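Let's take a slow walk through a protein together. Keep the picture open beside you while you read, and turn it around as often as you like.

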Amino acid sequence: MPTSGKVRILKWFAILVVLVVLAAAALPFILDANQFRPQIESKLSSALGRDVKLGNLKLSIISGSVRVEDIRIADNPAFSKSPFVSAQSLHFSVELKPLIFDKAVRIQGITLDRPSITLIGSKSGQWNFSDLGSGNTGQKPSSPGASSDFTRAGVSIKQLEILDGQITLVHLDSSRKPSTINNVSVKINDLSYTSEFPFKLAAALPGEGSLRLEGKAGPFNKQDMTLTPLTAELDVKHFDLLASGFSEPGSGLAGTFDFSGSLHSNGAEVQSNGKASADKLRITSNGAPAGRMIGLQYSVDYNLLRRAGRLDDTKVEIGKAVARLGGTYELVENSLNLKMILRGTGMPVEDLTALFPAFGITLPKGAALKGGTLNANLSTEGPAEKLRTSGNVEIVKTRLTGFDLSGKMALVAAQAGLKSNLDTDIEQFTSTLQLSPEGIQVSSLDLLVPSIGKLQGSGLVAADQSLDFKMNATLTPAGGIGAEVARLIKRSSLEVPFFIRGTASNPKFVPDVKKAVGGMLESVLGGNTKDGQSKTGDSLQNAIRGLFKKK
């Protein structure tokens, strides 16, 4: 072909390109996208089952998209009159050919920029998004099975994205404050009501936490969105019980959780397996954060319709201490009710002491438990914010360091010839405990201390850590006035009743003089003649004066 011919072809091609560019540039002015607003609103309203209102529309031929400057999606009127979703910017990816030549809107993709979404839950477990896509806009459906989906509404969404969204969680008829989830991003491909579709979700949780959920969902349950089948991997970091609104400030339940695992729902039953850890856990209002991380290997199921589930044989690890936790739970209105059993045997005491503060258990100031093992069989029942725990605890062969028990019992111990010792060996400790918001009720307390004897009794550690215990010490005097008293009452051991007052961090041991003297005199008067009673009584009187240093 001659050179002049080639030049002419190139000129015509250049002119054609310029005309196409000019047409593309001019088309948005010629074709006002706002004329399609009623059509788009109608299609989206039909697909979602909610009234959708759009602001000003701008067409971009180059990107093949329509930009909406404002959008409002109505809420279920049974929950709220405020918008369910509002956003300043929304982008539709549309097919250009049907739009230009047939003025038909075929939406391929939706990108929602910085939307505000309000999720509202009722006491019965219903959510304001449950009926999305049901075709119910507040009016009665034309037939029992009537519903609408994206295909019937003429909306084919290849991709749906939410960028930098904000979700507000509201619980109706609850004292809990709404909680906010920020930086929400969602990406869904091939969104459909009739088949499974892949999705990704990420968000920032209150209290500097994060959430990631990735997997497949669908097909959508058209009657209740919450019953849609789902299979995904879940990863949560730093879930703050207080900041998230899961627990109320006055309940005492606090701490942060990390957990990761699988999540599977068939639309009725949800199952999850994985690992979790709890940091700075606190159980009771009078407690303090635990000093050690708690590890969990969990298996849990939940029935969406009954709002109840089961925790199966979960492994609980605190250092080298291992226990098993299992039981049931249910949501009653806005409260999580638990019924759990914790069992552990041969658990190292030193690892468990880091957990004592979480339950409001306080050792005397400067004291610590070294060595030994702990056995526990505890049951927990009640709402999460007011848990009550009861059961039996046994500690074997441990040492209480930094606390002179003999010295604290000086009025008795010294007179019985017992020596002070900064460390106290404990052969065995057993007790029945009841932990509640009011404090710790201790019964059937039995403490065997070789250097002192046996201590038995019961009492209360109140919520303010004050002590009120009635105790009895069975001592074997090594000398002193205590040995003389034992000889006079003709017993090898000395029974000394006493009280424990003060606080858990600074306990006070106070002899019950009245009861002690009464018991000793009864021993004397019950076994001697009249003359013998008189002589022994005088001797006993002098010994008791020396023993308790008072009349």
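Before we start, one bit of vocabulary: helices (H or I, at least four residues) and strands (E, at least two) are DSSP runs, and they're numbered from the N terminus. Also keep in mind that what you're looking at is a predicted model.

With those labels you can find Pro-219, which is in the loop between β12 (209-217) and β13 (230-240). Look at the bond just before this proline: Gly-218 and Pro-219 are joined by a cis peptide bond, with omega at about -5°.

Now zoom out. How many helices and strands does the protein chain have? The tally is nine helices and 28 strands. The chain has 551 residues, and 44% of them are buried. On the outside, the chain exposes about 28500 Å², and 55% of that comes from carbon and sulfur atoms. There's also a nice number for how the chain meets itself: take the contacts between residues at least 6 apart in sequence, and 52% of them join residues at least 24 apart.

Let's go ring hunting next. A pair of aromatic rings is described by the distance of the centres and the angle of the planes. Searching the whole structure turns up five aromatic pairs. One of them is Phe-239 with Phe-246, whose centres are 6.5 Å apart and whose planes meet at 75°, an edge-to-face pair. Are these two rings buried or exposed, or something in between? Phe-239 has a relative accessible area of 21%, so it counts as partly exposed. Phe-246 is partly exposed too, at 38%.

Another pair is Phe-498 with Phe-509. Why is this one called tilted? The ring centres lie 6.0 Å apart and the planes are at 35°, and tilted is the name for angles that are neither under 30 degrees (stacked) nor over 60 (edge-to-face). The pair links distant parts of the chain, with the partners 11 residues apart: Phe-498 belongs to strand β27 (residues 494-502) and Phe-509 to strand β28 (residues 507-511). Buried means under 20% relative accessible area. Phe-498 has just 4%, so it is buried, and Phe-509, at 17%, is buried as well.

Rings can have charged company, too. The charged end of Arg-501 sits over the ring of Phe-499, 4.3 Å from the ring centre. Elsewhere, Arg-50 lies over the face of Phe-84, and here the distance to the ring centre is 5.3 Å.

Time to look for holes. Rolling a probe the size of a water molecule over the atoms shows where empty space is left. Here the count is two cavities of 30 Å³ or more. The largest has a volume of about 60 Å³. Which residues line this largest cavity? Among them are Ser-251, Ile-283, Thr-284, Glu-385, Lys-386 and Pro-437.

Next, a couple of backbone oddities. Asp-313 has a phi near 40°, a positive value in a residue other than glycine. You'll find Asp-313 in strand β17 (residues 308-318), and with a relative accessible area of 52% it is exposed. Lys-397 also has a positive phi without being a glycine, near 50°. Lys-397 is in strand β22 (residues 388-401) and is exposed, with a relative accessible area of 53%.

Let's finish with the neighbours of two residues. Pro-178 lies in the loop between β9 (157-171) and β10 (179-191). Its relative accessible area is 52%, so Pro-178 is exposed. Leaving out residues up to four places away in sequence, Pro-178 touches Thr-168, Leu-169 and Val-170. Leu-119 is 59 residues away along the chain, yet the C-alpha atoms of Pro-178 and Leu-119 are separated by 9.8 Å.

The other residue is Arg-72, in strand β4 (residues 71-74). Arg-72 is partly exposed, at 34% relative accessible area. What does Arg-72 touch, not counting residues up to four places away in sequence? Its contacts include Asp-51, Val-52 and Lys-53, as well as Pro-83 and Val-85. Gln-88 is 16 residues from Arg-72 in sequence, and their C-alpha atoms are 9.1 Å apart in space.

Technical notes: Residues are numbered from 1 along each chain as its sequence is written. This is a predicted model: local features need pLDDT of at least 70, side-chain atom pairs count only at pLDDT 80 or more; totals for chains, interfaces and linings use all residues. Side-chain values use heavy atoms; hydrogens and water are left out. Buried means under 20% relative accessible area, exposed over 50%, partly exposed in between (1.4 Å probe, protein chains only). A charge sits over a ring if NZ of Lys or CZ of Arg is within 6 Å of the ring centre and within 35 degrees of the ring normal. Contact means heavy atoms within 4.5 Å. Accessible areas come from the Shrake-Rupley method with a 1.4 Å probe; for residues, only the protein chains shown count as cover. On a 1 Å grid over the protein atoms alone, a cavity is a set of points where a 1.4 Å probe fits but cannot get out, and a pocket is an open set with protein on both sides within 12 Å along at least five of seven lines; lining residues have an atom within 4 Å of a point. Grid points are joined across faces, edges and corners, and a volume is the space filled by probe spheres set on the points.
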